[in-house]
Amino acid sequence: MASTFVFSQDVLVKISPFHFLDGTIYATYERALNNNNSFALSGGYRLSDNGDEYGWMGEIQLRKYIFKPAINSSSESSLAGVYAGLYANGKYFVEQYERYYHYNNTYSSTNHDYDIKQVEGGVLMGIQLIFSEKLSLDLFAGGGLRDSQFDHKPIDIDFYSPDRGYTGIVPKIGFDIGVSF
C-alpha cells in the first residue's frame, strides 16, 4: 500500500537549485489529486558557516492546474500546466552574529547565537513543464505574509525583506527540477 502511494502515476519528486546557494538542501514531493488539483510537501535543512548556523523548513502547497500550454500539451500528466495555489510554511534557524567592542584602543569581538522562528502563508502562480514524461521544470512566483519571532535577538541588527528574520510581506520566486514517477 505504501509503495502504491509513493510510486503511483502523477507523482513528482523535485529539488530546488536556488537553495544550494544558501547552504540548504530542499526537496519537494508533489502528488496529483482529483479535478486537476495537487498537493506538494516540501522540506529542507540548512547547514552553513562550518556548522555554526543551521535550520530546517517545511512547506505545504495546494495547487489547481488551470490549463496546459501548447508547449507542453503532449504531456499526459495531470501535474503539467499553468497553476495557481496557496502555500504555508514554517522555518526555524539558529544564526550567529559578531559583536565588536572597543576599549582602550583595543578591538575585540564575541560571537552570539540567536534563534529565528518563522511562519508564512501566501499565494503563488507558476508553470510546470514535463518533458519525455519523466523530467519536470517548475517555475513559480508569488508572495505572502511572514511573521518572525526571536530568542535573544541582537538589538543592533535590522532585517529587510526577504531576509530571514523579517516580518511583513515577502516575495516567493524560484524554480524546481525533478522526475516523475
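The paragraphs below lead through a predicted model of one protein chain, from its overall layout to its cores, its charged pairs and two of its loops.

The protein chain contains two helices and eight strands, and, read along the sequence, these elements follow the pattern α-β-α-β-β-β-β-β-β-β. Of its 181 residues, 39% count as buried, while the accessible surface of the chain comes to about 10400 Å², with 62% of that area belonging to carbon and sulfur atoms. Among the contacts with a separation of 6 or more, 57% are accounted for by residues 24 or more positions apart.

In soluble globular proteins, nonpolar side chains tend to be buried together. In this model the largest nonpolar core has 10 residues in all, namely L12, A32, Y65, L79, A80, Y83, Y87, L124, I130 and F140, and β5 and β6 each supply at least two residues of this core. Apart from it lies another core, of seven residues, which includes M57, Y97, I116 and F159.

Strand β6 also carries acidic residues that deserve a careful look. E120 is found in this strand, and E120 counts as buried because its relative accessibility is 5%, under the 20% cut-off. The side chain of E120 makes a polar contact with the side chain of Y87 at 2.8 Å, and Y87 is itself a member of the largest nonpolar core. Leaving aside neighbours within four places in sequence, E120 is in contact with Y87, A88, N89, K91, L145, R146 and V170; for one of these, K91, the C-alpha atom is separated from that of E120 by 8.6 Å, although the two residues are 29 residues apart along the chain.

D115 lies in strand β6 as well. What is the nearest side chain of opposite charge to D115, and how far away is it? That side chain is K117, at 5.6 Å, and D115 is buried yet has no salt bridge. The side chain of D115 does make a polar contact with the side chain of Y92, at 3.2 Å, and, beyond its neighbours within four places in sequence, D115 is in contact with Y92, F93, V94, Q149, F150 and D151.

Elsewhere, charged side chains do pair, and the structure holds 13 salt bridges. In one of them the side chains of E30 and K14 meet at 2.9 Å, N to O; because E30 lies in strand β2 and K14 in strand β1, this pair ties together parts that are 16 residues apart in sequence. E30 is buried, with a relative accessible area of 0%, and K14 likewise counts as buried at 0% relative accessibility. Another salt bridge joins K172 and E59, whose closest N and O atoms are 3.0 Å apart; K172 lies in strand β8 and E59 in strand β4, so the pair ties together parts that are 113 residues apart in sequence. Salt bridges that share partners also join D22, R46, E53, E95 and R164 into one network, in which the side chains of E53 and R46 meet at 3.7 Å, N to O.

The last stop is at two loops. Most residues other than glycine have a negative phi, and most peptide bonds are trans. N36, in the loop between β2 and β3, has a positive phi near 60 degrees, and at 41% relative accessibility N36 counts as partly exposed. N105, in the loop between β5 and β6, also has a positive phi near 60 degrees, and at 71% relative accessibility N105 counts as exposed.

Methods. Residues are numbered from 1 along each chain as its sequence is written. This is a predicted model: local features need pLDDT of at least 70, side-chain atom pairs count only at pLDDT 80 or more; totals for chains, interfaces and linings use all residues. Side-chain values use heavy atoms; hydrogens and water are left out. Helices (H or I, at least four residues) and strands (E, at least two) are DSSP runs, numbered from the N terminus. Buried means under 20% relative accessible area, exposed over 50%, partly exposed in between (1.4 Å probe, protein chains only). Lys and Arg count as positive and Asp and Glu as negative; His and the chain ends are not counted. A salt bridge is a side-chain nitrogen of Lys or Arg within 4 Å of a carboxyl oxygen of Asp or Glu. A polar contact is a pair of N or O atoms within 3.5 Å; within protein, one must be able to donate a hydrogen and the other to accept it, and residues adjacent in sequence count only if both atoms are side-chain atoms. Contact means heavy atoms within 4.5 Å. A nonpolar core is a set of buried Ala, Val, Leu, Ile, Met, Phe, Trp, Tyr and Cys residues joined through side-chain atoms within 4.5 Å. Accessible areas come from the Shrake-Rupley method with a 1.4 Å probe; for residues, only the protein chains shown count as cover.
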